[in-house]
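Open the model in your viewer, keep the sequence panel beside it, and follow the stops below in order, making each selection before you read on.

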Amino acid sequence: MGIFGFFNKEKKESLEKGLEKTNQNFFSKISKAIAGKSKVDEEILDELEEILITSDVGVETTLKIIERIEARVKKDKYLNAQELNKILKEEIVALITETQQNDPTQFELPAHTKPYVIMVVGVNGVGKTTTIGKLASQFHQIGKKVVLGAGDTFRAAAVAQLKVWGERAGVPVIEKGMNTDPAAVAFEAVKTGIDTQADVVIIDTAGRLQTKTHLMNELSKIKRVIQKAMPDAPHEVLLVLDGSTGQNAVVQAREFTKVTEITALAVTKLDGTAKGGVVIGISDEFKIPVKYIGVGEKIEDLQIFHREAFVASLLESKS
Amino acid sequence: MFKTLSNRLDKAMKTLKGQGRITDVNIAATMKEIRKALMEADVNYKVAKEITDKIKDEAIGRKVMIDVKPGELLVKIVHEQLMQLMGGTTAEMNLRSDPAVILMTGLQGSGKTTFSAKLANYLKKQGRQVLLVACDVYRPAAIEQLKVNGQAIGVEVYSEPENKNPIAIAQNSIKWAKENNKKIIIIDTAGRLAVDEAMMTEIAQIKTAIQPSEILFVVDAMTGQDAVNTAKSFNDRVNFDGVVLTKLDGDTRGGAALSIRNVVEKPIKFISTGEKVNEPNSFDIFNPDSIARRILNMGDVLKLVEIAQDAFDQQEMEKLNKKLRKNEFDFNDFYSQIQQIKKMGNLKDIISMIPGMGKMLKEVEIDDFSLTPIEAIIQSMTPKERNNPILIDGSRKKRIANGSGTSVQQVNNLIKQFQEMRKMIKKMNDSKGKRFLPNINPFR
Ligand SMILES: Nc1nc2c(ncn2[C@@H]2O[C@H](COP(=O)(O)OP(=O)(O)O)[C@@H](O)[C@H]2O)c(=O)[nH]1
Ligand SMILES: [Mg+2]
């Protein structure tokens, strides 16, 4: 197999030039590489490998994609770059778990669960609080009654941060101040949601690295305590991943899944040059759908995730 | 999914052992494994390629393939190379001006605010008069976050909650610091993306306005491939002096560190672990060795390598190497090499790594893998014969066969193969370390 065949063409280009090259459009590169050829050769695989690896897709998933392309092409044969590009997109899209949403273009909540409880988790600084603020605003705008729970009672000024977002979105924030029991805050928020007949309760939690066992176990506890207020809650556990994170995101997904069953992913900071390709492998391995993407710091900078659009942007350059 | 590099090398080496022959395919496969391992550790694609090339050159230069334990020597070389790329020495901050101004910058969520407080605490503990300045006017409650941190470590925080102009706040803070006898000013700024033109212009303007003596680029150690782009963009705009790696208390492999170092050639100065700003061990001076180990996920593997190398008698090895280089390899060396190998145990695995041995063993067809006939033959030679095998004529062969309880045919075989082995060593030497096998061209 000609994958990672870097011994074949040792172009002595400077790193800087190389980086520039990465920013070139994948499609045009592929077009050049396959001009006049009828099968996928080293050169094409090299280009593919480069674009996928530099998008943080990871070695294993890249190999998987390339294998699938090779198998597909053997069967279907392609005629031009357009077709190869199409095959490629289809194969990558197929790896990403689908969301069970009725209308994937709109922010929506399941009709018969009230309140719909969302618990938001992730490592430090990925954008949990910001995503909650944006989500609250979206739900509020479609006429839903929203309650937020300030469950990050640990990081300095985290409660104050969520309160600002609550004000911006125009929704109430349940809080017990800093250094209080996050499980108690979560319980209170769900309870308030039930009492006030809210449509959705979103609970913020402190960022935690997956290596901190006691903090990870705290998440299980928060979940259990929420269930005392509402037995089938939380209905959604949203793991927020920073789009610029590399392969450690896979470990994050694995470890957070162990302590709370993750049901959905949000990928943030995709307004930068990072591509967030690591979610492809994560979605594939853990069968978790990606629901939202963060594309900025403003309240409207949250979008519903689209597999096709995401893959397209992965294969195109942004700059 | 995250196989350690040594596991990977073991795998590659197993293929090699299985074939009992060292070819260009083997070494290429090994280099591919190294490169894959680096990329899995988030080392940038291009950087991984460059590094692997360097490792390859080094491996060739040090004749890895004629080493008794090529896999382990290779891991060692990889580690050394990573260390070198990471910059061997620790770099100090420039705090000479009065007051000295340290400007923090980086992406959103990279850990600037937390690290600013840790750095302030570190400097305060050295007896300096430190001031923290809150210039993140955008993120909700960012100013308050710095204030809380400042309080936790007992360092004053300068802020202007009503002022939305970070350039002005930074300038005012310096004036305030001079009036209040603060000697070091640490300026926390808002996180920003390299593609955000307005925000990048802003940080450049802050720099121009306050002329900091030290600019630190703060980066999350979990960052993936994009680390190079971001680091390069920030460096182009503000020409920072050093890098801070944060969140190393996680289990990220931290390949971004290597990529950044490679692309901007600025030293990594500090590492940050943990969320608590007043814990002394949550802040550290950067140590290239530990990050190199981390990227390789080696832990104590390196130590094991060293132990293994010690077990293999260093002096004997050096003597042998010298002789190999001078084409003086004789039956004495052959014999002592066999003894060395026996000392290390696990003969079958190691033996095929000795040039020529794999092939020889196949032809001799020793089922239970016994070196005894070879040893016996060599022992039956006179010292002169061992030094100079050309002396061994027909009658001497008969004598040796009798003495060792073997046949003349077996003695002939051994001598023939020994000569082939010498020829090969000579060829290797002639190629002056450029290639392993002159007639193949392993590296196109
Ligand atoms: N550019 C950009 N920044 C973001 C995005 N989401 C969050 N951030 C920023 O990332 C930083 C950390 O966000 P925060 O919500 O506090 O993370 P948390 O610690 O997970 O709650 C803040 O500076 C946010 O403004 C996004 O989609 N794009
Ligand atoms: Mg938060």
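Two residues are in contact if their C-beta atoms, placed from the backbone, lie within 7 Å. Keep in mind on every stop that this is a predicted model.

**Stop 1: where the chains meet**

Select chain A and chain B together, and look for the 46 residues of chain A that are in contact with 47 residues of chain B. On the side of chain A that touches chain B, at least two residues each come from helix 1 (15-22), helix 3 (42-53), helix 4 (59-76), helix 7 (158-169) and helix 10 (248-259) of chain A. Which helix of chain A gives the most to this side? Colour helix 7 of chain A, for this is the one, with four residues. If you then colour the side of chain A that touches chain B by residue class, you should find 19 nonpolar, 19 polar and eight charged residues.

**Stop 2: ligand 1**

Now select ligand 1, which lies between chains A and B. There are 22 residues around ligand 1, and those that come nearest are A:Gly127, A:Lys128, A:Thr130, A:Gly294 and B:Gln108. Helix 6 (residues 128-141) of chain A gives the most to this shell, with three residues, while a division of the shell by class yields three nonpolar, 13 polar and six charged residues.

**Stop 3: the domains of chain A**

Hide chain B for a moment and colour chain A by its domain assignment, which gives domain 1 (15-95) and domain 2 (116-307). Here 10 residues of domain 1 of chain A are in contact with 11 residues of domain 2 of chain A. Helix 4 and helix 5 of chain A each supply at least two residues of the side of domain 1 that touches domain 2, and the largest share, three residues, comes from helix 5 of chain A. By class, that side of domain 1 has five nonpolar, three polar and two charged residues.

**Stop 4: the nonpolar cores**

In soluble globular proteins, nonpolar side chains tend to be buried together. Bring chain B back and look for the largest nonpolar core, which has 179 residues, and in which A:Leu148, A:Ile202, B:Val133 and B:Ile186 have the most contacts. The largest share of this core, seven residues, comes from helix 4 (residues 70-86) of chain B. Centre the view on A:Ile202 and, leaving aside residues up to four places away in sequence, pick out what A:Ile202 touches: A:Ile118, A:Val120, A:Ile132, A:Leu135, A:Ala136, A:Val146 and A:Leu148. Apart from the largest core lies another, of nine residues, among them B:Phe334, B:Ile374, B:Ile377 and B:Ile378.

**Stop 5: backbone details**

Most residues other than glycine have a negative phi, and most peptide bonds are trans. Select A:Pro115, in the loop between helix 5 (81-95) and strand 1 (116-121) of chain A, where the peptide bond from A:Lys114 to A:Pro115 is cis, with omega near -5 degrees. Next select A:Pro234, in the loop between helix 9 (213-229) and strand 5 (236-242) of chain A, where the bond from A:Ala233 is also cis, with omega near -10 degrees.

Finish in chain B with B:Lys247, whose phi is near 60 degrees, a positive value in a residue other than glycine. Is B:Lys247 buried or exposed? A residue is buried if 20 or more other C-beta atoms lie within 10 Å of its own, and B:Lys247 has 28 of them within 10 Å, so B:Lys247 is buried.

Terms used: Residues are numbered from 1 along each chain as its sequence is written. Chains are lettered from A and ligands numbered from 1 in the order in which they are written. This is a predicted model: local features need pLDDT of at least 70, side-chain atom pairs count only at pLDDT 80 or more; totals for chains, interfaces and linings use all residues. A residue is buried if 20 or more other C-beta atoms lie within 10 Å of its own, exposed if 12 or fewer, and partly exposed in between; C-beta atoms are placed from the backbone. Ala, Val, Leu, Ile, Met, Phe, Trp, Tyr, Cys and Pro count as nonpolar, Asp, Glu, Lys and Arg as charged, and the others, Gly among them, as polar. A residue is near a molecule or strand if its C-beta atom, placed from the backbone, lies within 6 Å of it. Domain bounds come from an automatic or database domain assignment. A nonpolar core is a set of buried Ala, Val, Leu, Ile, Met, Phe, Trp, Tyr and Cys residues joined through C-beta atoms within 7 Å.
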